[in-house]
Amino acid sequence: MKLTVAGLTAVRGDQPVLADLSFAVPDRGILAVLGPSGTGKTTLIDALTRQLPSTGDCRLDDAPIDPRHQHLAVVPQDYGLLPWRTVAQNVALPLKVSQHHRLDAAQHQAVAQVMAALGIAELAKRYPNRLSGGQQQRVALARAFAQAPDLLMLDEAFSALDPVVKARAYQLFISQWQARPVTTLLITHDLEEALALGDALLILHHGQGQVQANPLAKVPLTTRREDARYYPAVAALRQEVEASWQE
Amino acid sequence: MKLTVAGLTAVRGDQPVLADLSFAVPDRGILAVLGPSGTGKTTLIDALTRQLPSTGDCRLDDAPIDPRHQHLAVVPQDYGLLPWRTVAQNVALPLKVSQHHRLDAAQHQAVAQVMAALGIAELAKRYPNRLSGGQQQRVALARAFAQAPDLLMLDEAFSALDPVVKARAYQLFISQWQARPVTTLLITHDLEEALALGDALLILHHGQGQVQANPLAKVPLTTRREDARYYPAVAALRQEVEASWQE
Amino acid sequence: APKEIRLKESAAKSSKTTKTATKDVTLNLGTMSAPESIPLYVAKEKGYFEDQHLNVTLQNFKSPKDRDAAVASGQLDGAVSDVVTLAAYENGKLGWKIATGLNGSFGIVSNQPAIKTVADLRGKTIATMPHQTPTFYLDQELAKVGMSEKDVKITEVAQVPARIQLTLDRKIDAMIVPDPFMAIAKSKGAHVVAQSDPVAYQTTILAVAPKLAKQKAVTKRLLAAYNQAVKTLNAGKASDFEAILTKDIGYPAALVPKVKLVHYTQAHAVKTSVLKAAFAYAKAEGVTTTTLDPANVALP
Amino acid sequence: MARVTKTLGALLALNLLWWLAAVLVGKPVLPTPLTVYAAFPQLLAHQIGWHLYFSLYRLGWSLVWSAVIGIPLGILIVRAPRFGAWVDPVVYLTYPLPKIALLPVVMLLAGLGDSAKIIMITMITVFQIIISVRDAVRQVPAGVYKQLRVAGANRWELFRDATWPASLAGVLTALRLALGTAIATLFFTEVYGTSYGLGYFIMDEWNRLDYPLMYAGIVVLAAVAFALFAVLNAVERRVLRWQQV
Amino acid sequence: MARVTKTLGALLALNLLWWLAAVLVGKPVLPTPLTVYAAFPQLLAHQIGWHLYFSLYRLGWSLVWSAVIGIPLGILIVRAPRFGAWVDPVVYLTYPLPKIALLPVVMLLAGLGDSAKIIMITMITVFQIIISVRDAVRQVPAGVYKQLRVAGANRWELFRDATWPASLAGVLTALRLALGTAIATLFFTEVYGTSYGLGYFIMDEWNRLDYPLMYAGIVVLAAVAFALFAVLNAVERRVLRWQQV
Ligand SMILES: Nc1ncnc2c1ncn2[C@@H]1O[C@H](COP(=O)(O)OP(=O)(O)OP(=O)(O)O)[C@@H](O)[C@H]1O
Ligand SMILES: Nc1ncnc2c1ncn2[C@@H]1O[C@H](COP(=O)(O)OP(=O)(O)OP(=O)(O)O)[C@@H](O)[C@H]1O
Ligand SMILES: [Mg+2]
Ligand SMILES: [Mg+2]
């Protein structure tokens with residue numbers, strides 16, 4: 001579904017964070033959101049999911065965004081795992097909650113598959129406080145991937161992973177996305193990640209920003225990181241970012 | 001001070017995590033610790049700081065490590081900020097606690113400087129639950145940098161920072177380290193980071209690992225990232241890591 | 001849950017098999033753990049109430065407060081009470097009447113060897129319940145030797161056993177308690193300085209709710225059963241009623257052989273002079289705002 | 001096992017202290033443990049079983065009622081803030097009322113039997129449950145609701161997956177407090193309209209100044225309470241497994 | 001402001017309910033609010049000021065004592081586990097004892113004066129404080145100690161910077177419960193050795209069956225309690241500022 005954000009304004013405490021922000025993500029588009037720490041990336045997700053009061057018009061296709069009517073999935077920056085639910089329960093919970101019903105056998109299997117792909121199958125019965133940081137992040141990822149949302153939001157969702165697991169998680173994201181393309185908001189500090197996964201980039205600064213195309217947008221997701229232009233583009237992006245964020 | 005770890009063995013729950021691990025970090029050395037998610041990097045810090053019962057012999061110079069007798073500083077993976085203390089209080093706290101006394105004027109000034117360098121000076125009076133993820137991490141970094149420890153341990157301490165702030169934090173780390181070199185354990189998933197800051201690398205896997213020299217160890221910290229060999233070394237390390245972690 | 005009533009009946013079955021015929025009138029009477037309640041228990045145990053076609057339940061109360069709560073809330077048809085409390089009932093506009101005077105008694109008890117007579121109480125600490133019958137009695141005793149409440153130190157101790165203990169430990173010099181506490185205190189070494197005569201001086205009463213007071217025939221039957229019980233009591237000796245004395249009245253079993261029952265009197269009206277004095281006392285103590293008319297509280 | 005030995009040790013220590021206190025006081029009002037334990041056989045003759053039975057019956061029902069009223073109310077005050085803004089002051093105004101003063105009203109409505117007693121104990125304990133559950137629910141960090149809300153959880157799901165597990169420890173504290181208080185109030189709820197119950201028994205023996213038997217009753221009461229607390233602790237260990245690190 | 005209007009609304013609603021109940025019951029035992037408020041002028045003649053003063057004096061001291069004993073004990077049980085393993089069973093065994101049964105012993109040791117009353121109220125409330133503080137401290141996540149320990153904190157610093165702020169909300173709950181309970185127990189602690197105190201006043205009017213005046217006393221008690229609760233709430237808002245998101 002197409003995500004349209006128009007004139008989004010949000011305040012944290014008494015400090016304005018998002019100032020009349022407008023952008024759009026086409027159906028099945030992946031928008032990578034970059035921006036300095038503390039600029040309002042997480043706030044953007046909170047405002048979109050209505051966890052934070054905000055003004056402005058946020059729509060999925062034609063309907064205003066509402067978690068009770070659309071299916072939203074988020075990997076929050078702090079993972080947001082419920083400490084009193086096991087890993088398996090945490091992964092299954094939003095799916096169960098969003099359909100207000102137990103999982104059927106096919107869904108159970110899908111959950112198990114996602115967990116296996118992220119290497120947390122053998123942790124299924126553990127409680128979150130017995131996991132390492134990266135394992136917790138993978139649980140949060142599995143939880144998002146196990147759903148079939150209308151809008152997927154990842155808030156620095158790969159930051160605590162080692163290169164190998166990260167690559168595997170990218171792969172899983174790509175294959176899931178290819179099997180069932182979903183409009184995605186990908187918040188990251190990692191320029192490589194933004195280029196590797198995003199169709200377009202939004203560089204957020206002082207509560208505002210413009211969407212710009214990813215120079216590698218035409219290269220298929222699966223081969224992008226092998227593309228010769230990848231690392232030069234990272235270097236170019238780094239320069240742009242550094243230039244724009246120095247005040 | 002020289003850190004010597006001999007035969008360190010630690011268990012989490014009923015699962016052995018560190019198995020007879022031995023390594024040494026020379027005085028003023030920076031050891032970058034890499035390893036797959038869930039392999040025991042955080043456990044290593046917990047064992048060294050005696051937060052987790054373990055067997056083996058861990059010494060700083062000749063004395064067994066003991067937080068009550070040596071001055072240890074940690075940036076934990078989950079930041080470990082006290083929610084009931086403001087940013088400024090959080091930063092000052094370990095310093096105050098380790099000397100069992102209030103800060104003197106010089107220390108207050110040092111604290112303020114570190115906070116300014118990390119761009120959190122204007123957050124001084126906020127409580128941690130009103131900070132963004134990256135801001136929290138910077139508070140944790142400031143807290144560690146404000147101390148003059150015998151052993152500094154950073155657990156993925158730059159993971160939530162945007163490239164600009166991260167570069168600034170690297171710079172701060174380097175300048176602090178040059179002003180007062182300290183034996184450092186740097187846990188990271190970021191190969192660039194390991195190469196940029198580490199003297200030596202420890203790739204931890206299945207609770208064991210060998211220290212290997214950083215190919216760039218001879219290049220000064222300040223110029224390392226501009227060194228022509230930097231990116232090829234990253235690529236090489238990536239290959240080694242991927243090869244060693246695939247089972 | 002098994003009903004407690006049934007539990008009691010099975011315990012009491014040894015003495016008498018219950019008649020199965022349903023009774024005309026059901027009455028709920030409140031009793032205190034004091035000798036003036038004994039005739040009621042005897043009437044119940046011997047079946048005198050049943051003979052009068054009364055189905056009586058006796059509700060024992062450990063403290064006057066609980067009894068008065070039950071009285072005020074209309075849970076009781078009659079209750080063992082006293083004249084000053086009756087004034088409070090009047091003050092609360094409950095409309096309760098006196099069915100008969102009872103043979104209760106109070107004593108001034110002390111454990112100080114120096115206190116032998118009421119006159120020795122001058123300046124001493126006396127524990128009681130202020131503004132209540134025990135204090136009313138104390139006032140009259142003091143008046144007899146030309147003293148008043150001002151000449152002693154009255155202190156309130158609501159919990160009777162605590163009162164006894166304080167006296168025994170000489171934390172206070174004397175106290176006013178009714179039987180069986182007097183007996184208990186005596187058995188622990190205290191001595192009685194003065195004691196009201198349960199026959200001549202009657203402040204305890206059986207009071208009845210307005211509804212029952214209006215049913216002349218029923219009160220008559222109630223008092224008939226009472227009189228029957230008094231006869232039985234006066235004919236026997238304390239040990240004949242051991243179960244009642246220990247279980248319902250609260251005498252420690254060891255004391256029963258020493259208990260001497262008073263000579264119980266038949267149902268009768270309380271002397272107007274006593275009522276007048278009690279009501280005057282109630283007015284003086286602020287229990288009531290107006291002086292009550294003794295005629296108003298008699299059965300019609 | 002270690003817990004059991006520690007408990008036995010504490011029991012022993014408590015008895016020693018008691019014995020010491022009794023010897024120091026040296027009055028019948030505080031008999032030594034030996035005197036009291038010697039009185040234990042008499043308890044049987046006094047139908048201690050029935051006293052126990054009736055007390056447990058009254059305790060059980062009143063705790064069930066205060067839990068059934070208090071826990072939902074405590075949760076609602078926080079989770080339905082508009083409702084809470086009305087109920088909160090009502091709780092503050094009614095909690096400290098001396099419930100005994102309402103005895104006449106309770107008797108008026110419920111008579112002299114078990115229901116009056118159950119209502120009294122419930123009235124006394126329900127406020128403690130409301131307040132401690134409310135405070136526990138208030139301490140639930142806002143973060144735990146976020147994921148569920150984003151997933152479109154309804155009120156029931158928010159309750160089942162966040163509020164309830166997050167405040168369960170507080171609920172158990174509330175029940176512990178209520179249990180202790182309920183037991184301690186037996187002595188003034190079981191003194192009318194009954195001749196059974198541990199409260200009645202203890203007060204009756206007190207009235208007779210039979211201290212050894214009175215203390216024997218108190219010991220039984222303490223043992224019962226301890227057993228009930230142990231049950232609550234076992235429940236807690238089970239339901240709060242996830243907290244063990 | 002909104003809170004004030006809600007409170008006033010609740011007050012009004014409570015009075016309406018009371019009025020309705022009184023009309024339905026229709027007995028002097030539950031007078032209507034109007035009758036009770038009409039009796040208010042009489043309170044002055046009854047020296048309500050002194051009754052208030054004495055009750056507050058006793059309440060104040062007993063709460064101070066139970067806080068001074070209960071809070072450290074509750075914290076120590078958790079933070080000094082070896083000590084706790086001994087004390088915990090003692091608390092469980094002694095909490096439910098009917099404290100009134102210990103009245104003779106207390107009187108023996110402390111006489112009839114204010115100290116006996118303060119001891120009684122303290123004995124009743126201290127256990128609630130111990131248990132709820134203990135449970136609050138137990139819920140402090142282990143993580144908050146880590147940084148301090150790594151920095152070499154001593155016991156006092158661990159307490160000052162972690163245990164205490166983390167369990168402060170629980171401590172305030174404990175004080176709230178203790179306050180409510182303490183007020184509710186005045187009615188049986190102020191019935192010996194005194195002619196002053198709100199508990200005495202209420203019981204005395206009960207003895208006279210002067211229900212309007214008795215309820216007037218109860219209303220005063222409720223108002224006092226409400227004011228004290230409001231103070232506690234204000235303290236809480238101040239010290240728990242860091243929780244506001
Ligand atoms: N509290 C705990 N109880 C039991 N097991 C634990 C606990 N914490 C961590 N573990 C397990 O111990 C192992 C090592 O965890 P550790 O946190 O040291 O990993 P790590 O190397 O830091 O990983 P990451 O890079 O994901 O942070 C993991 O398998 C984890 O599941
Ligand atoms: N609960 C809060 N109350 C008040 N201010 C807040 C709160 N949370 C965040 N802020 C402030 O709002 C601003 C935006 O925060 P946000 O979390 O959206 O940043 P971000 O872009 O996600 O940063 P990061 O990359 O560090 O996660 C920051 O300046 C932060 O200090
Ligand atoms: Mg963020
Ligand atoms: Mg880790």
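In chain C, 78% of the contacts with a separation of 6 or more join residues that lie 24 or more positions apart. Keep in mind as you explore that this is a predicted model. Its secondary structure adds up to 12 helices and 10 strands in chain C. The radius of gyration of chain C is 19 Å, close to the 19 Å that the globule rule gives for 300 residues, so chain C is as compact as a globular protein of that length.

**Dimensions and burial**
- Along the principal axes, the C-alpha atoms of chain C fill a box of roughly 60 × 45 × 40 Å.
- Of the 300 residues in chain C, 59% are buried.

**Surface and charge**
- Chain C has an accessible surface of about 12000 Å², and carbon and sulfur atoms contribute 53% of that area.
- There are 38 positive and 27 negative charges in chain C, and the mean positions of these two groups are 3 Å apart.

**How confident is the prediction?**
- Chain C has a mean pLDDT of 84, with 92% of its residues at 70 or more.
- Which elements of chain C have the lowest and the highest mean pLDDT? Helix H1 (residues 4-12) of chain C has the lowest, at 54, while strand S3 (residues 78-82) of chain C has the highest, at 92.
- Take a look at residues 10-23 of chain C, where pLDDT stays under 50. For this stretch of chain C, the model has 10 contacts beyond four places in sequence.

Definitions and conventions. Residues are numbered from 1 along each chain as its sequence is written. Chains are lettered from A and ligands numbered from 1 in the order in which they are written. This is a predicted model: local features need pLDDT of at least 70, side-chain atom pairs count only at pLDDT 80 or more; totals for chains, interfaces and linings use all residues. Side-chain values use heavy atoms; hydrogens and water are left out. Helices (H or I, at least four residues) and strands (E, at least two) are DSSP runs, numbered from the N terminus. The radius of gyration is taken over C-alpha atoms; the globule rule is 2.2 Å times the number of residues to the power 0.38. Buried means under 20% relative accessible area, exposed over 50%, partly exposed in between (1.4 Å probe, protein chains only). Contact means heavy atoms within 4.5 Å. Accessible areas come from the Shrake-Rupley method with a 1.4 Å probe; for residues, only the protein chains shown count as cover. Lys and Arg count as positive and Asp and Glu as negative; His and the chain ends are not counted. The place of a charge is taken as NZ of Lys, CZ of Arg, CG of Asp or CD of Glu. pLDDT is the predictor's confidence in each residue, from 0 to 100.
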